[in-house]
Amino acid sequence: MCTILWWLNPLLLKGYSSIISVNGLLRIDNSLSSEGVEQRVYPHWMNRSPTAKRPLLSAIRKALQPEILTAAILRLFLSIFKLLQPLLIGRVTSWLSQDRSDVNYGYGLIGATFLVYIGMALINAMAKRQFDRFSTKLRGTFISVIHSKSLVLPAGQLNNGEVLTLISNDVNRVCDSLEQIFELLSTPLEVIVAIYLLEREIGIICIAPVAFSLAISLVSFLNSKRSIPLQKTWLSTIQERIAYTAAVLSCPKSFKMLGLTRKLRDRVQELRLVELEKYAHYRKFVTFRNVFAAIPDNIAPILTMVLFTLIHGSNALSSSITFTSLSLISLLTIPIQEIIFAVPRSITAIASIDRIEAFLLLDGGKFTLSTDSPLMRQHEVDGVELAAVVALTDHPSLRLEGVTVRLGNENKTILNEISLTIFPGTLNFIVGPVGSGKSTLLHTIIGDIPLAQGRRILATKDIGFCSQEPWLPNETVEKIITGQSELDYQWFVTVVQACALTIDISTLSAGKETVIGNKGVSLSGGQKQRLALARALYSRKKLLVLDDILSGLDAKLAKHVVDHVLGPEGLCKKYGMTVVMATHTVQHLYYADRIIALEHGGKAEEQSLFEALNSQDGYTHNLKLSEKQQQNQQEDEMNVPMDQSEPVITRNIENDANQELARRTGDSTVYRYYARSLGWKFASFIVFSAIVFAFSNKFPQLWLQWWSESEISGDERHPLGVWIGVYVSIGALAVSFLFSQIWVMLVWSVPKSSAKLHQQLLDSVMNAPYSFFVYTDSGETLNRFANDMSLIELQLADAVMHTQNGACLCIASAIFIAAGARYVGVIMPFLVILLYLLQKFYLRTSRQLRFLDLETQAPLLTHCQETSAGVTTIRAFGWQESAHRTCLDLLDRSQRPYYLMLCIQRWLNLVLGLTAAVIATLVVALAMTLHGTASAGSVGLSLLNILTFNSQLSQLILDCTSLETSLGAVARCKNFEASTPSEHQECETTNPPSEWPSAGQLTLSNLTASYTEGRSPVLKNISLSISAGTKVGICGRSGSGKSSLLLALFRMLEVSSGQIEVDGVDLAILPRDTIRTRITALPQDTLSVPGSVRFNLDPLEICTPETLSKALIKVGLSDIIDERGGIDGNMSDLGLSQGELQLFAVARALLRPSKLLIVDEMTSAVDAETEKRMLDIIRAEFKESTVVAVAHRLRTVADFDMIIVMDAGEIVEYGSPAELLSNNYGTFKAMWQRDIEF
């Protein structure tokens, strides 16, 4: 075993002397790879019996049976060595109590001591290491199959945060409970043999500790039944909080513009308090459970020895009987104590496994292996499925026959008996009013929605897909475009040019190697859509399914993309790609081979372009198509340089030097920070109670030594009543102070501390500047709220109490061990120094591995979150295998510090076990060879403490490591709070009048702004005066600075010079929350958070039901919402399209009227008719207000009072539409000409 663990020494040396990185860690062996374990479990899962109870556990048991059996056999041998210890103590104390004439027998006992303790150290390390390998495999299995399952479930079942909760909470909870459950395997054998040996020592009285312990266990078991509903309720609140937090963190621009920072912050904190409230009952249960578990260890020895003396008399109390019995009682009570702890943990683990199993059983129980071929799921009625055939010109690429789709809880019909045929190489447009089912039809085509009836026949499974809301993982631009394909540089350049991305990429600081941030937060809406289109083109798929990909592009960009991608000379025609595209604009329809028009009610009309041009009724007739005019005008050059409009993301490679040093050596200020969160009174009492508990736990052993020696010597210094009274009182004191400590910590201190730390973290995040959300991966931030909060709430409290109690108990044990022989005390200082150096040597590496374990979980969580968000796109492209391979790579990367951390724990167990063997051998050797240096009682007391000293030391160091790790979560929160700047400034204290803005006059004077200080400005010397009530449209190509100007109005950029005034009030002196709540905003991305429709519509909860109803009626959503659950229904159940969500946003804006309305491309996802209705609503409801609107479609602002044209962060021209159109050489005139011609 020494040889097996020798390979860890270089790692420990490196961890002690320097910083360890993940890349510097040894790779795990192939047998621990997540892919290998998953493939072992998969066939057993797929062959499960339909009637099997807990099929997941059964599949794991069958797949990992060799590991389980090996660990169980080694644990059995460990039990044998444990049972040899009481026998050894009995022999040693008996020999010392006699004449000691048989010297050889004494030497034999010395050798036996060495062999027993050495053997136990080796077997213990071997058994636990084998168990650790099983635990690592189980962790890999759970996470991999959860991710696999997420790749086959409908997207609607993955938006509740369940995947993140299962991976970040349930899997960890199962793995944390495994060791205690594993210890139960040998408990029956140890208890039975211990009872037999105890009966030999004290006779029938052996029943007393057994009966007492069993009675306590029974009470604990009955009480443990309460934990199941408590845990389920608590876990559901965790999932709700994490899902809500993830939703909020995913839309920082929207919630800041809407002035909802405080409201959403309070809502998240409210969910945290509800979670803690639900957890409160469980904490009380844990308190009583822990006290019940401690009662046998503290009371059973007292009860047994008192009964023994009462029945047999005090004179029967010899040192041999006393300490042999105590050691056997310890072997009895410790397993029972472990049972009391393990049963609730088992229930917790089973509950988590049941949650994982229920998730895996969804949708038939299938999941994707990394070696599976990426197959598109074909939903067909009556089992009809046609094999894929080679696409030929006279064979359709796609055919739908009588397809009906019903969605929602009420199975509302969205598509009704749709039949259509799509031929290879054709361009097909899907048009229709908002909510007619265009996106649903596209999702039906790619196989992401099941059919209620009809059938779908695809000639190819080679599909590329662009959703209406582009799915962009947090990768480099090049990686996103190339997807799962190899880099073909020439094709890459061709695609980038066709999608007009050349200049956009060149302006990024790292070019195509720039990381775009979570959900492409560093890009404009048009850039995100073009990037998603480039990915679909680069994949060279035969069938492209595109959902309104041009909605965020101005006319110039849209014309370039259509000409170079979709037009007669575009890449799609050139390479024979079939295109099905949903759109709201009619300019593109002239390129169409077929037009599919959807009406409300789910009916479809399929026409050629000629038929659409001559249609006399139906939706295409209402579009008023006319013959396409010849366009002779040359397209403007798209490669005009421009400044970047958004900051870029760069990966945070290393933390600063101070944080890295703290990771290796610890940070003492964190202890004070956490103590303050507990409260100094509570913290002081917890420390005091630990000292009293340790004294009360150990002193009875010394008292019993004095008692037994007094009886042997005949010195009746105290009457029997005093011996028994003190003995019982001290034991009761131990239980009382343990209960007080746990109650104060878990019931009073932890809720206060957890709520406070969560509030501080939440305040730091929500008050951070917008640039923080741009530069910081949301997965890392979410990891603070998921894993770190769980560590603080679950592990930290236990670690604090266990560390304090363990330290005090170890000190007391060391004193008793040293008292075993006169000269043993001489070596104790050296032993203390050795142990100090050992823990320092060990902790530096262990601490770093713990941190690396948490750090490597962040990208894994991010990937799982991105997979859930983009599962439709992943499946459409057939990238399930690659996505799962990425997950397995990240999982194996996270397994490296996880498994190595377990390995060095076994190294520590082994070293401490060997140290205990040396001490035990030394105590026995000195006692037996140096006569008169030790009594039988002192040696018995010493060996009794050595019995548990190894495990106590090992557990203490592990508890210290756990404390450091848990405090690492506190440290990250503390560092996060200290290092995250607040967007609020000290000068922002002036409160404007309650009616501000009363007119809506807007003045910008020489405004220059950037996302953060020191970066290139995105707005340059902007000067502008807008009179009250003026309607202003802002135009410019994608990335020209339009949205940045709006962000500046909401104080979401850093102003380096100049000022912004509204009604004569400088915004720089106003609180930012006040600005955002007083100005009405319509962000480009509609904010939607988990919860009711009412809350999403009226987050500030200031409107009456009648007012809400009127707003919904005005935007035309009242009937839809009433049909799908009403105003108090769940927002996620509505299933609104992107266009309907924009209408919903308009309704929300109507509820917060203001004299200044800021609109960021509000009509990008709606058709012309809905666009007109939205504009009419804006004109009517904000008639007296100043309106500043960003627009790509120039017709939406054609009748505004003023037009501002931007380019490269500057205003290049402004004036009334008539004035700008009269300038034949002006930028707006050229844009207008392209818009109407296109």
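I would like to begin with a single residue, Tyr538, which is buried, with a relative accessible area of 1%, and which lies in helix H18. Before going further, I should say that what we are looking at is a predicted model, so please keep that in mind, because every value I quote is computed from that predicted model.

Staying with Tyr538, let me describe what surrounds this residue. If we leave aside residues up to four places away in sequence, Tyr538 touches Ile481, Thr482, Ser485, Glu486, Leu487, Asp488, Trp491, Phe492 and Val495. One of these neighbours, Val495, sits 43 residues apart from Tyr538 along the chain, and yet the C-alpha atoms of the two are separated by 6.4 Å.

That pair leads us to the helices that carry them. Helix H16, which covers residues 489-498, packs with helix H18, which covers residues 525-538, at an angle of about 140 degrees, and their axes are 9 Å apart. That angle makes H16 oblique to H18, and the crossing of the two helices is right-handed. On the H16 side the residues that meet the partner helix are Trp491, Phe492 and Val495, while on the H18 side they are Ala534, Leu537 and our starting residue, Tyr538. Sorted by class, this contact of H16 with H18 has 6 nonpolar residues, with no polar and no charged ones.

Let me now turn to a second pair of helices. Helix H10, residues 227-249, and helix H28, residues 778-818, have axes that come within 9 Å and cross at roughly 155 degrees. An angle over 145 degrees counts as roughly antiparallel, and H10 and H28 are therefore roughly antiparallel to each other. As with the previous pair, I can give the handedness: H10 passes H28 in a right-handed crossing. From H10 the contact is made by Trp234, Arg241, Ile242, Thr245, Ala246 and Leu249, and from H28 by Thr781, Leu782, Phe785, Ala786, Met789, Glu793 and Leu794. By class, the contact of H10 with H28 has 9 nonpolar, 2 polar and 2 charged residues.

The third pair is helix H26, residues 720-766, with helix H32, residues 936-979, and here the axes come within 9 Å and cross at roughly 35 degrees. In which hand does H26 pass H32, left or right? The crossing is left-handed. The residues that make this contact are Leu757, Gln760, Leu761, Ser764 and Val765 of H26, together with Val970, Cys973, Phe976 and Glu977 of H32. They divide into 6 nonpolar, 2 polar and 1 charged.

I have one more residue to show, and that is Ser1044, which lies in helix H33, residues 1042-1049. Is Ser1044 buried or exposed? With a relative accessible area of 1%, Ser1044 is buried, and a polar contact of 3.4 Å joins the side chain of Ser1044 to that of Tyr1011.

Finally, let me step back to the chain as a whole. There are 41 helices and 19 strands in the protein chain, and buried residues make up 61% of its 1238 residues. If we take the contacts between residues at least 6 apart in sequence, 83% of them join residues at least 24 apart. The pair I mentioned near the start, Tyr538 and Val495, gives an example to look for in the structure, as these residues are 43 residues apart along the chain, with their C-alpha atoms separated by 6.4 Å.

Definitions and conventions: Residues numbered from 1 in each chain as written. Predicted model: local features only at pLDDT ≥ 70, side-chain atom pairs only at ≥ 80, totals over all residues. Heavy atoms only, no water. Axes fitted to C-alpha atoms, helices over the stretch in contact; angles between N-to-C directions. Helix = DSSP H or I, 4+ residues; strand = E, 2+ residues; numbered from the N terminus. Parallel < 35°, antiparallel > 145°, perpendicular 65-115°, else oblique. Left-handed = near helix turned anticlockwise from the far one by under 90°. Contact = heavy atoms within 4.5 Å. Nonpolar A, V, L, I, M, F, W, Y, C, P; charged D, E, K, R; others polar. Buried < 20%, exposed > 50% of the residue type's maximum accessible area, 1.4 Å probe, protein only. Polar contact = N/O pair within 3.5 Å; in protein donor to acceptor, adjacent residues only side chain to side chain.
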